[in-house]
Amino acid sequence: GDEEEKRLDELDKLILVLASKTNSSKEKIAGCEKVCELAAASSSKTIETFRRCGGFSALNSLLKSSDETLVDAAASALGNLSSTSTRKPTLRSFTCGDHVIRCRELEFSASGTAFNAWTAGLVLATWIAKSEKFAGWAKGARILEIGSGLGTCGLLAGKLGGNVTLSDFVPAVLKNLQLSAEENEVEARVVWLDWALEAGLQAADTSNTHWYGGEVDGAEVCAFDRLEEDESFDLIVGSDVCYETDHPELVSAVLSKRLAPGGWAVVLNAVRFPEVHERFLQKIGEFCSLVETEAVDSEEGDLAVNIVQEGCTQHSGYYAGGMQLILAQRSSDPPAKSP
């Protein structure tokens, strides 16, 4: 109702307070206290929206502050918010056409947004399983999944005959992807991929690398392979990879760098903010000769799926812009290299 919308609006504004580099510790502590107050009265859907918009990540970043009072306030806020995301890790099976994909879910605290099977990922996996076009693209192709999370779509692409590389940023997620590849008997390479590094916004030799949940230890990252500097792919897939305000620039930078001339990007996003979606389309249109979009329905029709967790994962109708499937083909001419 109206009250719930007001609480969501307040929580949205608090993200800016918590994430700002210019706000004082006192202002951020007050913001944490307000989050606690609003969390107690908010629905699980509102809390989930706050989390996906970066609220949890902003609070996690505050846990590294040297101000103990601020750390305590952030921890208290996270404790009040986390009840909807707390459950034991689960091995889930999803039927996608003729294939069954088994995914190991994780604890939210260790993996962030990769802890769960999101609706967009299941819808994209369903589309992949039914698409003759994708089947033709995939067999024998070099395929990269970005923001793999649980790896549902990438693992399915591997079962369809693709040479698959799964990628993510958080070490716990990468370890889980290795286990899932074994569980599904898919030969898949697992690599650490930093979108900011791909976009030239992150130093390559950093020992601690920032992510929305704080930082990852460089020593942990070193345990995983990375893409070669000039490595490219015939097909890149991703689900729900464009929900933060800086994602259009970051994700398009990955696609621009890694998609081979004539290659295809297949992305399915839950469109929380239509302006972010439009900016993403604009960015990929700068290097793709063809960009097609299609609204998809996760509740009815050929791509209908059963969502995993009521109140946490949502159907397409929940999002402001619904869910959009994007098919983009890289221009055949290779990109011009900087002098």
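W264 counts as buried in this predicted model, its relative accessibility being 13%, which falls under the 20% that marks a buried residue. The briefing starts from the aromatic pair that W264 forms with W137 and then turns to helix α7 and to L177 in helix α10.

**Aromatic pairs**

- The count of aromatic pairs comes to five.
- In the pair of W137 and W264, the ring centres lie 4.5 Å apart and the planes meet at 20°, so the pair is stacked, given that planes under 30 degrees apart count as such.
- This pair links distant parts of the chain, since W137 belongs to helix α8 (residues 132-138) while W264 belongs to strand β9 (residues 259-270), with the two positions 127 residues apart in sequence.

**Helix α7**

- Helix α7, made up of the twelve residues 119-130, spans 17 Å from its first C-alpha to its last, which is close to the 16 Å expected at 1.5 Å a residue.
- Because ten of its twelve residues are buried, α7 is largely enclosed by the rest of the structure.
- The buried residues of α7 are T119, A120, G121, L122, V123, L124, A125, T126, W127 and I128.

**L177 and its surroundings**

- L177, located in helix α10 (residues 171-183), is buried, with a relative accessible area of 0%.
- Leaving aside residues up to four places away in sequence, L177 touches S148, G149, L150, G151, L166, D168 and V190.
- The C-alpha atoms of L177 and C103 are 8.6 Å apart in space, although the two residues are 74 residues apart in sequence.

Conventions:
Residues are numbered from 1 along each chain as its sequence is written. This is a predicted model: local features need pLDDT of at least 70, side-chain atom pairs count only at pLDDT 80 or more; totals for chains, interfaces and linings use all residues. Side-chain values use heavy atoms; hydrogens and water are left out. Helices (H or I, at least four residues) and strands (E, at least two) are DSSP runs, numbered from the N terminus. The expected span of a helix is 1.5 Å times one less than its number of residues. Buried means under 20% relative accessible area, exposed over 50%, partly exposed in between (1.4 Å probe, protein chains only). Contact means heavy atoms within 4.5 Å. Rings of Phe, Tyr and Trp (its six-membered ring) pair if their centres lie within 6.5 Å; planes under 30 degrees apart count as stacked, over 60 as edge-to-face and the rest as tilted.
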